[in-house]
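Hi,

Here is the structure I promised to pass on. Have a look at it first, and then read my notes below.

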Amino acid sequence: MKRFVIVGAGPAGMRAAEQLVAVGQRPVVVDEGTRHGGQIYRQPPAVLQRERRDLYGFETARASAVLDRFEALCPQIDYRPETLAWQVEANTLQVLHAGRNRTLPFDALILAPGATDRVLPFAGWTLPGVYTLGAAQVALKYQGCLIGPRIIFAGTGPLLYLVAGQYASHGGRVAAVLDTAPASAKWLAAPRLLARPAVAAKGAYFVARLRMMGVALHGGVTLVKAEGSERVTALTWRAGPAVNTTECDAIGFGHGLRSETQLADLAGCTFEFSELEQAWSPTRDAAGRSSVRGVYLAGDGASVLGADAAELSGARAALAALEDLGLTPAEPQRAAQIEHDLLAHARFRRGLETAFAPPLRWAAEAPDELIVCRCEEVTAGELRACVRETGTREMNRLKALTRIGMGRCQGRMCAPAASRLLAQAVGCELRDVGRLRGQAPIKPIPIAMLHDHAPSTVVPEDQDD
Ligand SMILES: Cc1cc2nc3c(=O)[nH]c(=O)nc-3n(C[C@H](O)[C@H](O)[C@H](O)COP(=O)(O)OP(=O)(O)OC[C@H]3O[C@@H](n4cnc5c(N)ncnc54)[C@H](O)[C@@H]3O)c2cc1C
């Protein structure tokens, strides 16, 4: 039996596991969440009984199919929830569970860690009551609560309208939906969005429904400032020359998603600049093979293509791993079909990037006093001064000189904004400033555990608790 380890029990990881089980393998699946499902099919804690229709809306049938199939699979896999993967070393994965470290050796590692919000901050975004769109949805799906009674959703991306609609349906008063991308961009994107007509129709439905509910929708806006002293009380925004202030108790904002790539980085994968992601992404072939033998990339963690594509790429990566280890003969027809299907998802994503492009002038307009890195409280002005005074042109140098990205989030939150500011200050393309190198631990772990961590402590599965 070969040792397969999968990081992530979202659509990509679950489908990869299913593919491996189908040929008699018993993969280890680690996920830091308490229950399987990933972001889109996130499940509340077992004590919080919720109807699936209430949680997943249009996606209920799909969610049920995916979640139930994984549950049925569990006796045949080694599923480890509440387990954080925090380091990859020579063919081993370091994971944290219940305060203890485990070393998981692997012959094949399938990384399916998903994505998080791409955050381009605006003044006042660190006030209590301001959340990312993703966090607002997590509050609703996982904790069954709203981030506030009267909420503004702002930024851009499909999640903007989806989360606003979910809040409106669950008793939230949506004070406004403020899209930084202009309405005209949606029309420009239409030909590509039609690569997945059913999904495009769902998007149009969400917008129409919000309108019917009387929610104010504005396109082409600039987010100026979250107002308030103790917590957010209003959002000031611009539409053309007109400046508006809308009262609220909470804001959910974001500008699309960014892939979680730190584990691929620690595994030594080669990165290249992706025009689609507007970020440096680990290279992979059409099957999901990274540049490192035995390491495979799937789902939104490889490229943000959505849940259906995540399932496809998870299955494809598992097929590639099986083939590479000589466990099954290649399945050229199935593999080619999956790769072909994924092309439509990539085309659709290009449409989304046109429809919901992040604000082009964000870096030029960011005020000097804007906090960009909230862990280390580094402002836009400090970053600009660093470029002026030191001639810095590269992200890791900027980090060393300003501490940006050195805090708890390790740049997961601030790097998209900081790299745009650096490129703007230098006067170069985004690709030319490089990317923050991943460092272990990729997320906070207890210091005592680092002390205990010895790469040789391999805990066999049957002795593990
Ligand atoms: C907050 C958020 C909300 C979203 N909501 C929707 C939605 O409502 N509808 C929609 O169509 N799309 C939504 N998306 C996009 C959608 O989630 C994805 O397209 C889809 O879930 C991708 O599947 P995946 O398997 O690649 O990743 P995910 O579903 O994100 O699953 C990744 C899993 O990996 C785990 N993980 C990550 N890092 C580690 C680590 N270091 N150690 C252990 N486990 C780890 C996570 O806990 C997660 O369970 C959302 C995305 C985000 C970020």
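**What turned up**

Proline 441 sits in the loop between helix 14 and helix 15 (447-452). The peptide bond that joins alanine 440 to proline 441 is cis, with omega at about -5°. As you'll know, most peptide bonds are trans. Do keep in mind throughout that this is a predicted model.

Two other backbone spots caught my eye. Glutamate 82, in the loop between strand 3 (78-80) and strand 4, has a phi near 50°, a positive value in a residue other than glycine. Alanine 98 also has a positive phi, near 50°, and is found in the loop between strand 5 (92-97) and strand 6 (100-105). Most residues other than glycine have a negative phi. As for the surface, glutamate 82 has a relative accessible area of 46%, so it counts as partly exposed. Alanine 98 comes out at 66%, over the 50% cut-off, and therefore counts as exposed.

**The ligand**

Now for the ligand. There are 32 residues around it, and the closest are Ala12, Asp31, Ala85, Gln137 and Asp300. Two of those names come back in the polar contacts: a side-chain N or O atom of aspartate 31 is 2.6 Å from an oxygen atom of the ligand, and a polar side-chain atom of glutamine 137 also lies 2.6 Å from a ligand oxygen. Proline 11 joins in through its backbone, with an N or O atom 3.2 Å from an oxygen of the ligand. On its own the ligand has 980 Å² of accessible area, and the protein covers 91% of that.

Which elements build the shell? At least two residues each come from helix 1 (11-22), strand 4 (83-89), strand 8 (115-117), helix 4 (133-142), helix 5 (158-169) and helix 9 (307-324). By class, the shell has 16 nonpolar, 12 polar and four charged residues.

**Pocket and cavities**

The second largest pocket has a volume of about 560 Å³. It is lined by 22 residues, with Gln278, Pro358, Leu360, Arg420 and Leu430 closest to its centre. Helix 10 (332-355), helix 11 (362-365) and helix 14 (415-426) each give two or more residues to this lining. Of the lining residues of this pocket, 12 are nonpolar, two polar and eight charged.

How many cavities of 30 Å³ or more are there? The count comes to three. The largest cavity has a volume of about 510 Å³, and of its 32 lining residues, Arg258, Thr261, Trp280, Ala415 and Arg435 are closest to the centre. Helix 14 turns up here too, giving the most to the lining with four residues. Other elements that supply at least two include strand 17 (257-259), helix 8 (262-266) and helix 13 (395-402). The lining of the largest cavity divides into 12 nonpolar, 11 polar and nine charged residues.

The second largest cavity holds about 50 Å³ of space. Among the residues that line it are Pro11, Met14, Arg15 and Glu311, so you may recognise proline 11 from the ligand contacts. Helix 1 and helix 3 (60-73) each give two or more residues to this lining. Its residues are five nonpolar and four charged, with no polar ones.

Over to you!

Notes
Residues numbered from 1 in each chain as written. Predicted model: local features only at pLDDT ≥ 70, side-chain atom pairs only at ≥ 80, totals over all residues. Heavy atoms only, no water. Near = heavy atom within 4 Å. Polar contact = N/O pair within 3.5 Å; in protein donor to acceptor, adjacent residues only side chain to side chain. Areas by Shrake-Rupley, 256 points an atom, 1.4 Å probe, with all protein chains shown as cover. Nonpolar A, V, L, I, M, F, W, Y, C, P; charged D, E, K, R; others polar. 1 Å grid on protein atoms, 1.4 Å probe; cavity = no way out; pocket = protein on both sides within 12 Å on 5 of 7 lines; lining within 4 Å. Points joined across faces, edges and corners; volume = space filled by probe spheres on them. Buried < 20%, exposed > 50% of the residue type's maximum accessible area, 1.4 Å probe, protein only.
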